[in-house]
Amino acid sequence: MIPDESLGRLLRDCGLLTMDTWDDDTTFVLDSLTLVWLVHLLDEQHGITVPVEEEGNTLGSCTSVRDLRRFLADRAGDRTAPPEILHGS
């Protein structure tokens with residue numbers, strides 16, 4: 001599960017969150033460009049891979065923080081291997 005601080009940063013980086021205070025009922029509109037950027041950040045920062053063209057992509061259906069948390073919890077359960085480190089550190 002992504003901690004609240006990281007989730008807030010992720011939402012701000014995508015432009016989905018413009019306020020300092022938010023909760024699970026905070027809503028947003030996920031357009032196609034924002035969806036692609038969110039998919040990129042999820043993969044790069046959290047190792048959660050979501051193919052944008054996935055049939056029935058529930059990420060694109062998220063309209064609230066609660067929906068996104070639910071999606072991420074389901075997706076995190078699907079991972080069987082740790083994320084590959086691409087940039088080294």
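Which residues of helix 2 are buried? In this predicted model, the buried residues of helix 2 are Thr34, Leu35, Leu38, Val39, Leu41, Leu42 and His46. When the helix is viewed down its axis, these buried residues fall within an arc of 170°, so they line one face of helix 2. The face turned away from this buried side carries Ser32 and Leu33, which are exposed.

The ends and the length of helix 2 complete this picture. At the N-terminal end, Asp31 acts as a cap, with a side-chain oxygen 3.3 Å from the backbone nitrogen of Leu33. Leu33 thus appears twice here, as a partner of the Asp31 cap and as an exposed residue on the face turned away from the buried side. Helix 2 comprises 15 residues, which at 1.5 Å a residue should span 21 Å; the C-alpha atoms at its ends are 20 Å apart, in agreement with that expectation. After the helix comes Gly47, which has a positive phi, near 70°.

Attention now turns to the loop between helix 2 (32–46) and helix 3 (65–78), where Ser64 is found. Is Ser64 buried or exposed? With a relative accessible area of 9%, Ser64 falls under the 20% cut-off and is therefore buried. Leaving aside residues up to four places away in sequence, Ser64 touches Asp24, Thr26, Thr27 and Phe28. The side chain of Ser64 also offers a polar atom that lies 3.1 Å from the backbone nitrogen of Asp67.

Within helix 3 sits Phe71. Phe71 has a relative accessibility of 7% and so counts as buried. The C-alpha atom of Phe71 is separated by 6.5 Å from that of Leu59, although the two residues are 12 residues apart along the chain.

The cysteines deserve a brief word as well. How many disulfides does the structure hold? The structure holds zero disulfides. Two cysteines can nevertheless be described by their accessibility: Cys14, at 10% relative accessibility, counts as buried, and Cys62, at 4%, also counts as buried. Both values lie under 20%, which is why each of these cysteines is classed as buried.

Taken together, the predicted model shows a helix 2 whose buried residues line one face, with Asp31 capping its N-terminal end and Gly47 following it. Beyond helix 2, the buried residues described here include Ser64 in the loop before helix 3 and Phe71 in helix 3.

How values were computed
Residues numbered from 1 in each chain as written. Predicted model: local features only at pLDDT ≥ 70, side-chain atom pairs only at ≥ 80, totals over all residues. Heavy atoms only, no water. Helix = DSSP H or I, 4+ residues; strand = E, 2+ residues; numbered from the N terminus. Buried < 20%, exposed > 50% of the residue type's maximum accessible area, 1.4 Å probe, protein only. Polar contact = N/O pair within 3.5 Å; in protein donor to acceptor, adjacent residues only side chain to side chain. Contact = heavy atoms within 4.5 Å. Expected span 1.5 Å × (residues − 1). Arc of directions from axis to C-beta. Disulfide = S-S within 2.5 Å.
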